[in-house]
Amino acid sequence: MSLDEKRTSTNEKVVDAEKVDSLSESVEFDETLREPTAQDETLHRGLKARQISMIALIVTPNNINAAGVVVQYWTKSVHIAIWMVIFITFIFVINLLGVRVFGELEFWFSGIKIVALIALLLMGIIIDLGGNPHRDRLGFRYWKEPNGPMGKYLLDQVGGNTSLSIFLGFWATLTNALFAYMGTELIGVTVGEVFFYVGGVFVIGLIVPSTNQDLFIATQARTGAAASPFVVATRLVGIRTLDHVINGAILIFVMSAANSDLYIGSRTLYGLAVEGKAPKIFKRVNRMGVPYPALILCTLFCGLVFLNVRSSGSRVFGWFVNLVSTFGALTWMCIAYSHIRFMKALELQGKSRDDLPYKAPFQPWGSWFALGATTIITFFKGFDTFLPWNTANFITSYIAIPVFFFLWIGYKLFMKTSVIPLSRVDLVTGLKEIDDEEKRYLEEQARLPPRGWLGRLWDSL
């Protein structure tokens, strides 16, 4: 019996009356998953899905590695490999239990994250305004020389050239920034992530001088919250009791991220199998709609985290940052390239962007800028591996590029596909279904009673 024969929706609507006799009423299913139809096999999502899958496979062990480093803040008597096994087992079981358990857990995790992040931002602002044991109003003191944001990097390696060292310091931050913004292509998390990223950097810049040695030690620390600039800020003003609270928040952050990344990776691999772009075995799902072969494969990649048994956690984290930022940059280049071709196809086929539900601003120059800037950053992101030469960092900085082209060219040759001409780009398939769904949604919203300002605010959040 197929999964479509066994699925029911959450409101207990019968999918097929002839097949529900064997259905267990208590089983919860992931409504987004089903065995594919012939039409599903022809769907095309391009390179983005493959890139997201690769990112998820690497980001998950990266977050597990971070969780292991964090937990060592409390104790080092337990070997870090044991923590790795515990964390991997935890996220695997959560994902195996289905979307209901996963969604419930992520709901609470997300709530805690939002509260914790807001609390950290407020704490930083209060410290800056003088609400600290020293009663010292910092203001924008640390935005001025010599404690300003433009620090020096590799000064000795460039022969003491201060201007070049400052530029290299700025350029080096772009890699970490690229890593931090991975995932913002998912529109549901974009606004929140950007707010907290920018807000966090702004607050830290107010309360931590760039020249403080504790900050340099923190970035190399092997123990959890000691690596957080917020802890450095509390220590600078004499607050000594928040380490454990911040550490616990960080542990929740990274475990939630690992849990979500494993979910995304397994579902993306399932989607590729549905499209015929991955082995058919990954189309299999259990009675709860969980694509267990894809989940098992993605979980196996978590074994990469055991690299930190031989190397320090911070070094392994750096390797993962290099890999993820490169794969993420390639993803964004594919997105920008696809958007450029999409706009050209619209123009060639006589369709106006004004008819779209959403018209992106600053186009097409915005996409061209994103494509060019991301390409330059990706090409030069590993410059510090030459000063001095570092084999491991060089490989992790650039290995994603040949892997990407190997898989892309290999797929083109194996599947005998070619780039679709702009005049033949399909801009119609699926449009009617989207319009019908939007019409039903608007009709449902029109039947709802008026909402107060609190309800509208909650909906916007």
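The following exchange concerns selected features of a predicted model.

Visitor: Why is the aromatic pair of Phe-405 and Trp-408 called edge-to-face?

Guide: The planes of Phe-405 and Trp-408 stand at 75°, and planes over 60 degrees apart count as edge-to-face; therefore the pair takes that name.

Visitor: What makes Phe-405 and Trp-408 a pair?

Guide: Their centres are 6.4 Å apart, and rings pair if their centres lie within 6.5 Å, so the condition is met. The structure holds 15 aromatic pairs. Phe-405 and Trp-408 are 3 residues apart in helix 15, which means about one helical turn separates them.

Visitor: Is Glu-106 buried or exposed, and how do you know?

Guide: Glu-106 has a relative accessible area of 10%. Buried means under 20%, so Glu-106 is buried. Glu-106 is found in helix 5.

Visitor: How do you know that the side chains of Glu-106 and Ser-260 are joined by a polar contact?

Guide: The contact between these side chains is 3.0 Å, and the limit for a polar contact is within 3.5 Å. Besides Ser-260, Glu-106 is in contact with Ser-256 and Asn-259, leaving aside its neighbours within four places in sequence.

Visitor: Why is Leu-129 called partly exposed?

Guide: Leu-129 has 45% relative accessibility. Partly exposed lies between the cut-offs of 20% and 50%, so Leu-129 belongs there. Leu-129 sits in the loop between helix 5 and helix 6.

Visitor: Which residues, including Leu-129, make the nonpolar surface patch?

Guide: Ile-114, Ile-118, Leu-122, Ile-125, Ile-126 and Leu-129 make this patch of about 510 Å².

Key. Residues are numbered from 1 along each chain as its sequence is written. This is a predicted model: local features need pLDDT of at least 70, side-chain atom pairs count only at pLDDT 80 or more; totals for chains, interfaces and linings use all residues. Side-chain values use heavy atoms; hydrogens and water are left out. Rings of Phe, Tyr and Trp (its six-membered ring) pair if their centres lie within 6.5 Å; planes under 30 degrees apart count as stacked, over 60 as edge-to-face and the rest as tilted. Helices (H or I, at least four residues) and strands (E, at least two) are DSSP runs, numbered from the N terminus. Patches are made of residues with over 30% relative accessible area and no salt bridge: like charges are joined within 9 Å, nonpolar side chains (Val, Leu, Ile, Met, Phe, Trp, Tyr) within 5 Å. Accessible areas come from the Shrake-Rupley method with a 1.4 Å probe; for residues, only the protein chains shown count as cover. A salt bridge is a side-chain nitrogen of Lys or Arg within 4 Å of a carboxyl oxygen of Asp or Glu. Buried means under 20% relative accessible area, exposed over 50%, partly exposed in between (1.4 Å probe, protein chains only). Contact means heavy atoms within 4.5 Å. A polar contact is a pair of N or O atoms within 3.5 Å; within protein, one must be able to donate a hydrogen and the other to accept it, and residues adjacent in sequence count only if both atoms are side-chain atoms.
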